[in-house]
Each structure stands twice: as structure tokens, then as C-alpha cells.
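Thank you all for coming; I would like to take a few minutes to walk through one protein model with you. Please have the sequence and the structure open while I talk.

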Amino acid sequence: MNKYYFVYLVWLLPIYFVYQFGYQATTYFGIQNTYENGESYIATVTDFDVKQIAAQTNGYVVIQFTTNDNEVIEEQLGLPVQMAQVIMESELIPVRYNTESFKPIVLMPTYELQQSVIKVNLGVTAIGLVVTIIIALYGSRYAYRRIKHGEEQLQFERIDRDEEYEKA
């Protein structure tokens, strides 16, 4: 098997970016759906933690609320540091809840921030997708040429003067 077939594996990167873009888009529309069509509740914060690992800070919040059907919902939600700062001092948080949405719970104080973070993620993912597609296209062309025509044979030719050769 020719080693240039492995260059085609570069197409896994655009596939990954398509998956990430789809996930971010689904999350964005799920949050929109929950915000627009969900029911409003007041959730109680039962646990809250912010962790700092190296240069990254993130955390989680555990909220609990009772729906109109007397169903108790308790959910742990991951939070980046920007969102954690918004709800850090709150014991009661207004939420929107929609069971049929991709993201069934939206914390109202962090809704705008969450939307903007997802929009940035969509933009970065789209840029990554375009760049990796371009790289994959050039890589595929290169691999195709090498597979079809083989590797270039290098010919070394000496161009400097050999003084010992001239003395003879």
C-alpha cells in the first residue's frame, strides 16, 4: 500500500468540524426554542462550585424546581466562568423549561451571554471548517499526484569544481 493514501485521513478534520458546527447550531436553536416556548419557573440552587484548573476556570450549578405537573426537576448544569459570575450570589434563579427542546433548561440571567458564546463558537467552527477543507483539498491533490505518478526521482549533480580532478 502506498503511504500517500494516509494523506486522505486529513478529511477527518472537516468531518469533525461539520459535527461540531451541527452541535453548536442545534444547541443554539434548542436554547431559542426553550426561551420562546418554555414555561417559566423559579429554581433553587442546591449546589454551586467553581473550579480553577491551570488557566481555565469553570464550574457547575445544581438547580431544582417543580413543574406545573408537580414533577421535581433537579439538574446539574456546567458553567463557564462568565456565566458563573452572573449567578454566583443567587439562591433563586429564574429558568425556562421545555421538555421537547434539545436544551430543555435555560437560565434566564445567562441567556444573552450563552447566545453570544454559541455565536462565537459557530464562527470559530465555520472558520476552522473552511480552513480544513482547503487543506484537505490541497492534500488530496498532492496525494493523488503521488499515487498516480509516483515520487519524484532526485538527481544529484555536482556543480563545484574539483581541484584534484583538474591537476591530473
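Let me begin with Val-72, which, once residues up to four places away in sequence are set aside, touches Gln-64, Phe-65 and Thr-66. Val-72 sits in strand 3, and before I go further I should say that what you are looking at is a predicted model. From Val-72 to Phe-156 the separation is 84 residues in sequence and 78 Å in space, going from C-alpha to C-alpha.

That distance leads to the overall form of the chain. The protein has four helices and five strands, and, read along the sequence, these follow the pattern α-β-β-β-α-β-β-α-α. The radius of gyration is 28 Å, well over the 15 Å that the globule rule gives for 168 residues, so the protein is more spread out than a compact globule. Along the principal axes, the C-alpha atoms fill a box of roughly 105 × 35 × 25 Å.

How much of this protein counts as buried? Of its 168 residues, 30% do, while the area that the protein exposes comes to about 12,100 Å², with 55% of it supplied by carbon and sulfur atoms. If we take the contacts between residues at least 6 apart in sequence, 63% of them join residues at least 24 apart.

Some examples of pairs that are far apart along the chain may help here, and I will start with Tyr-8, in the segment before helix 1. The C-alpha atoms of Tyr-8 and Leu-137 are separated by 9.3 Å, although the two residues are 129 apart along the chain. Leaving out residues up to four places away in sequence, Tyr-8 touches Ser-140, Ala-143, Tyr-144 and Ile-147, and with a relative accessibility of 29% Tyr-8 counts as partly exposed.

Leu-129, which lies in helix 3, gives another such pair, since its C-alpha atom is 8.5 Å from that of Tyr-16, a residue 113 places away along the chain. With residues up to four places away again not counted, Leu-129 touches Pro-14, Phe-17 and Val-18. Is Leu-129 buried or exposed? Its relative accessible area is 17%, and because the cut-off for buried is under 20%, Leu-129 counts as buried.

A further pair involves Gly-150, in the loop between helix 3 and helix 4, the latter covering 163-167. Gly-150 and Asn-2 are 148 residues apart in sequence, yet 9.4 Å apart in space from C-alpha to C-alpha, and Gly-150 is partly exposed, with a relative accessible area of 28%.

Let me turn now to the pockets. Rolling a probe the size of a water molecule over the atoms shows where empty space is left. The largest pocket has a volume of about 490 Å³, and of the 20 residues that line this pocket, Thr-27, Ile-31, Gly-78, Lys-103 and Gln-114 lie nearest its centre. Which elements each supply at least two residues of that lining? They are helix 1 (12-37), strand 3 (72-80), strand 5 (105-107) and helix 3 (111-149), and the largest share, five residues, comes from strand 3. Sorted by class, the lining of the largest pocket has 12 nonpolar, six polar and two charged residues.

The second largest pocket has a volume of about 160 Å³, and its lining, by class, has two nonpolar, six polar and four charged residues. Among the residues that line the second largest pocket are Asn-37, Gly-38, Tyr-41, Asp-69, Glu-71 and Asn-98.

Asn-98 deserves a few more words, being found in the loop between strand 4 (92-97) and strand 5. At 10% relative accessibility Asn-98 counts as buried, and, leaving aside its neighbours within four places in sequence, Asn-98 is in contact with Asn-33, Thr-34, Asn-37, Gly-38 and Pro-104. Two of those contacts, Asn-37 and Gly-38, also appear in the lining of the second largest pocket.

I will end with Asn-70, which is placed in the loop between strand 2 (56-66) and strand 3. Asn-70 has a positive phi of about 60°, although it is not a glycine. At 66% relative accessibility, Asn-70 counts as exposed, whereas Asn-98 in its own loop counts as buried.

Terms used:
Residues numbered from 1 in each chain as written. Predicted model: local features only at pLDDT ≥ 70, side-chain atom pairs only at ≥ 80, totals over all residues. Heavy atoms only, no water. 1 Å grid on protein atoms, 1.4 Å probe; cavity = no way out; pocket = protein on both sides within 12 Å on 5 of 7 lines; lining within 4 Å. Points joined across faces, edges and corners; volume = space filled by probe spheres on them. Nonpolar A, V, L, I, M, F, W, Y, C, P; charged D, E, K, R; others polar. Rg over C-alpha atoms; globule rule 2.2 N^0.38 Å. Buried < 20%, exposed > 50% of the residue type's maximum accessible area, 1.4 Å probe, protein only. Contact = heavy atoms within 4.5 Å. Areas by Shrake-Rupley, 256 points an atom, 1.4 Å probe, with all protein chains shown as cover.
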